[in-house]
Amino acid sequence: MRQERRKVVASERVGPYTLLRVARGGVSTGEPGQFFMLQAPGHVLPRAMSLCLAPPGELAFLIDPVGPGTRALCALSRGDDVGVLGPLGRGFRLDVARPLLVGGGIGIAPLPFLRERLRGAPAALGFRSDRHAEAAVLLPGAEVVVEPRLVTELVDPAADVLACGPEPMLDALRRLVPRAQLAWEAPMACGYGACYGCAVEIDGELKRLCVEGPVLRAA
């Protein structure tokens, strides 16, 4: 697998986030929960992004502009080039009987594509503010809470939970739904497991999220 250069189709604001739409070409969409390494022109290190949507001929990524790399991606315009490598990592298993999608903040990014593959599964979303909650438009009909309420308040422990979000949310879900599938977030430099930059400790064991994840079973 090698990095390919793709053209930006559009860049759209969704609350404080940016939905970057890129021409797909021959790049596979992969499975929901896998990720792509996106490299903005003039930046050495790419950034790992989950696929948010896969409309015909496009790959769309929801990006939070929190640092130089992500801000550079959000600043791209139609016709600009972007480096795309992927899909990488392990995604969600789709053979579930009672799916419930749970997302926190920018962790909602992989859920629209996942919902499409699950043919409209219900979703519960949590955000830090009303402005961040504007991103819920990407998952019409989802239940939404804003701090100080917690998204775990909306979770049925009997559901087959597929989740992505900040570590405290995922830790809470591990306790509430031990069989949940959880997509963990961590900075990724290489995407191949060589640098250990994305390693997280789970139950006393280091997991390289780029190769053993991002999606891991809670137990």
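**From an exposed loop to the buried interior**

R119 lies in the loop that runs between helix α2 (111-117) and strand β8 (123-127). The model is a predicted one, and this loop is a convenient place to enter it. The backbone at R119 has a positive phi of about 60°, although the residue is not a glycine. Most residues other than glycine have a negative phi. R119 has a relative accessibility of 80%. The cut-off for an exposed residue is over 50%, so R119 counts as exposed.

The helix on one side of this loop leads inward. L111 is found in helix α2. In contrast to R119, which is exposed, L111 counts as buried, because its relative accessibility is 0% and the limit for burial is under 20%. What surrounds L111, once its neighbours within four places in sequence are left aside? The residues in contact with it are L101, V102, G103, L125, L139 and L162. One of these partners, L139, is 28 residues away from L111 along the chain, and the C-alpha atoms of the two are separated by 7.8 Å. Two other partners can be placed by their residue numbers: L125 falls within the range of β8 (123-127), and L162 within that of β10 (160-164).

From this helix the account may widen to the whole protein. It contains five helices and 14 strands. Its radius of gyration is 16 Å, close to the 17 Å that the globule rule gives for 219 residues, so the protein is as compact as a globular protein of that length. Along the principal axes, the C-alpha trace spans about 45 × 35 × 30 Å. Of the 219 residues, 54% count as buried. Contacts between residues at least 6 apart in sequence include many that reach further along the chain: 58% of them join residues at least 24 apart.

The surface and the charges complete this overall view. The accessible surface comes to about 9900 Å², and carbon and sulfur atoms account for 51% of it. There are 25 positive and 23 negative side chains, and the centres of these two sets lie 5 Å apart.

Strand β1 (residues 4-14) offers a second route into the interior, for V14 has its place there. V14 counts as buried, with a relative accessibility of 8%. Its contacts, not counting residues up to four places away in sequence, are L19, L62, E134, A135, V137 and L138. E134 is 120 residues from V14 along the chain, yet the C-alpha atoms of the two are separated by 6.5 Å. L62, another partner of V14, carries a number within the range of strand β5 (residues 58-63).

Strand β5 also holds E58. Is this residue buried or exposed? E58 is buried, with a relative accessible area of 11%. Apart from residues up to four places away in sequence, E58 touches V9, R21, V22, R24 and L53. Among these, V9 has a number that falls within strand β1 (residues 4-14).

The same strand takes part in an aromatic pair. A search of the whole structure finds one such pair. A pair of aromatic rings is described by the distance of the centres and the angle of the planes. The rings of F36 and F61 have their centres 5.5 Å apart and their planes at 70°, so the arrangement is edge-to-face. F36 lies in strand β3 (residues 35-39) and F61 in strand β5 (residues 58-63), and the pair therefore ties together parts that are 25 residues apart in sequence. Both F36 and F61 are buried.

The backbone has further features to consider. Most peptide bonds are trans. The bond from G86 to P87, however, is cis, with omega near 5°; P87 lies in strand β6 (residues 81-88). The bond from E147 to P148 is also cis, with omega near 20°. Where does P148 lie? P148 belongs to the loop between β9 (143-146) and β10 (160-164).

The last stop is a further loop, the one between β11 (181-183) and β12 (199-202), where C198 is found. Whereas R119 in its own loop is exposed, C198 is buried, with a relative accessible area of 4%. C198 and T18 are 180 residues apart along the chain, and their C-alpha atoms are separated by 23 Å.

Conventions
Residues numbered from 1 in each chain as written. Heavy atoms only, no water. Helix = DSSP H or I, 4+ residues; strand = E, 2+ residues; numbered from the N terminus. Rg over C-alpha atoms; globule rule 2.2 N^0.38 Å. Buried < 20%, exposed > 50% of the residue type's maximum accessible area, 1.4 Å probe, protein only. Contact = heavy atoms within 4.5 Å. Areas by Shrake-Rupley, 256 points an atom, 1.4 Å probe, with all protein chains shown as cover. Lys, Arg positive; Asp, Glu negative; His and termini not counted. Charge placed at Lys NZ, Arg CZ, Asp CG, Glu CD. Phe/Tyr/Trp six-rings, centres within 6.5 Å; stacked < 30°, edge-to-face > 60°.
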